[in-house]
Amino acid sequence: MFKKILVANRGEIALRVIRAAREMGIGSVAVHSTADSDAMHVRMADESVCIGPPSSQHSYLSIPAIIAACEITGAEAIHPGYGFLSENANFVQIIQDHGLTFIGPTAEHIRVMGDKITAKDTMKKLGVPCVPGSEGGVGSVEEARKLGAEMGYPVIIKATAGGGGKGMKVATSADDMEKAFLTARAEGKSNFGNDEVYIEKYLTTPRHIEIQVFGDGKGRAVHLGERDCSLQRRHQKVFEEAPGPAISPEERARIGKTCADAMADINYIGAGTIEFLYENGEFYFIEMNTRLQVEHPVTEGIFGVDLVREQIRVAAGLPMEFTQENLKINGHAIEVRLNAEKLPDFRPSPGRISQYHAPGGLGVRMDSALYDGYSIPPYYDSLIGKLIVHGRDRPEALSRLGRALGELIIDGIDTTIPLFHALLAEEAVQTGEYNIHWLEHWLETNLGDS
Ligand code: MV4
């Protein structure tokens, strides 16, 4: 096992990794920008190294600075958290070239899944059900129109390198096609330096259901059920839960096995998430994330496992501590993302925390790097914490969420806490009868957000 690992991240996820390392008797190295000298991850780690100025580009995204921090401290492995360099195949290659270990998948798996056309092609060949659409890329408006006529409208044109909703356009008729096609291609080019696009049948009212998978890199892989992450605003998840309120045990076992078998086939190592749209009882693969995700705690809650511990174990060449047979779901978990943002327009609201009180009690987990007197810097993501609740069933988890939100105090800045009090009062949230459009519609109706 590693003696010391470096955490190439900040905020709550850096704490998450440091905590797992400490429980395993592994030393931790935090890296930080000059804006984060007082950050909790720096305080909590065994050692820290300043790696650059506030701008992420020159600190948390600086590969040379992070490699140098490993060499200075003698850290043997790097955990990337999520975001930043977590899905950068080039980073993984450089880590290996320096005789260090990346705690995550191989550069090759990251590369394959990072390009959505190759990801879809790979998954299709592995027997994973995909959204009907083009075979590979589409090179011209004429070809796009031909496919549109065959498939029937609406269709969606997606940039193969796309992400966060960029490079994605819906065409509702042949007349729309030219504009949608050219816009998706231009957005792919300008945002990701890649103008390749593909086409899919547009699903109008699906849920976003993602399957958690985990592999040992030696042909063994398991699934840890699904998370329903349909409640999103502008492609940012807001509220996530597991198990999905619309998924039956039979459906879970079936799609779960399909995903686990696919990951076993490719010798996938570590944590991964296979994203699906779910509509009318069918799963349609859209993309795969080759990282630990923000919402992983809901899965940890219902399965009683530590996914970061398992990531570190398999990266060190040890076996996973779970098998498919001993992974059993217990109860229901919900996560809400707490952002330093001002409603109704979700404008970033950095600043000094004058008072912080975390909720507690049975079934409550607060993952946050906040503390009394901390100043949230303006340079990074506005996520300031995640409140995760667990209950014996969904109603208990919901009422526990309301109780915990009532205990939570974050003063000095604006946060999205009031949004969750309001959402808990909604029938659709109480029943779980929502889809990927429900939240944006609700925000428009109730907050005038558009
Ligand atoms: C889709 C879709 C409908 N049909 N693909 C949005 C982000 C990207 N990861 C995939 N996305 C979508 N792909 C087909 N064929 C609808 C969306 C979509 C969406 C998906 C998940 C969660 C929220 C969403 C909000 C708008 C659109």
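Colleague: What makes up the domain assignment of this protein?

Modeller: Three pieces: domain 1 (4-103), domain 2 (132-201) and domain 3 (207-446). Keep in mind that this is a predicted model. The centres of domain 2 and domain 3, taken over C-alpha atoms, are 30 Å apart.

Colleague: And where does the ligand lie, and how do you know?

Modeller: Domain 2 (132-201) and domain 3 (207-446) both supply residues to the shell around the ligand, so the ligand lies between them.

Colleague: How many residues surround the ligand, and what makes a residue count?

Modeller: A heavy atom of the residue has to lie within 4 Å of the ligand. There are 15 residues around the ligand, and the closest are Lys158, Glu200, Lys201, Leu203 and Glu287. Sorted by class, the shell has 8 nonpolar, 3 polar and 4 charged residues.

Colleague: Why do you list Lys158 as having a polar contact with the ligand?

Modeller: The cut-off is a pair of N or O atoms within 3.5 Å. A polar side-chain atom of Lys158 sits 2.9 Å from a nitrogen atom of the ligand, so the pair passes that cut-off. For Leu203, a polar backbone atom is 3.0 Å from a ligand nitrogen. With Glu287, an N or O atom in the side chain is 2.9 Å from a nitrogen atom of the ligand.

Colleague: How much of the ligand does the protein cover?

Modeller: On its own, the ligand has 520 Å² of accessible area, and the protein covers 90% of that. The elements giving two or more residues to the shell are strand S6 (155-163), strand S8 (197-201) and strand S13 (282-289).

Colleague: Now Lys169: why is it called partly exposed?

Modeller: Partly exposed is the range between under 20% (buried) and over 50% (exposed). Lys169 has 27% relative accessibility, so it counts as partly exposed. You'll find Lys169 in strand S7 (residues 166-171).

Colleague: What does the side chain of Lys169 make a polar contact with?

Modeller: The side chain of Glu187, at 3.5 Å. Lys169 also touches other residues, including Val155, Ile156 and Ala180. Its C-alpha atom is 6.6 Å from that of Lys158, 11 residues apart along the chain.

Colleague: How do you know whether His208 is buried or exposed?

Modeller: Buried means under 20%. His208 has 7% relative accessibility, so it counts as buried. His208 belongs to strand S9 (residues 207-216). Among the residues His208 touches are Arg227, Asp228, Lys237, Glu275 and Ile436.

Methods:
Residues are numbered from 1 along each chain as its sequence is written. This is a predicted model: local features need pLDDT of at least 70, side-chain atom pairs count only at pLDDT 80 or more; totals for chains, interfaces and linings use all residues. Side-chain values use heavy atoms; hydrogens and water are left out. Helices (H or I, at least four residues) and strands (E, at least two) are DSSP runs, numbered from the N terminus. Buried means under 20% relative accessible area, exposed over 50%, partly exposed in between (1.4 Å probe, protein chains only). Contact means heavy atoms within 4.5 Å. A polar contact is a pair of N or O atoms within 3.5 Å; within protein, one must be able to donate a hydrogen and the other to accept it, and residues adjacent in sequence count only if both atoms are side-chain atoms. Accessible areas come from the Shrake-Rupley method with a 1.4 Å probe; for residues, only the protein chains shown count as cover. Ala, Val, Leu, Ile, Met, Phe, Trp, Tyr, Cys and Pro count as nonpolar, Asp, Glu, Lys and Arg as charged, and the others, Gly among them, as polar. Domain bounds come from an automatic or database domain assignment. Lists of a residue's contacts leave out its neighbours within four places in sequence.
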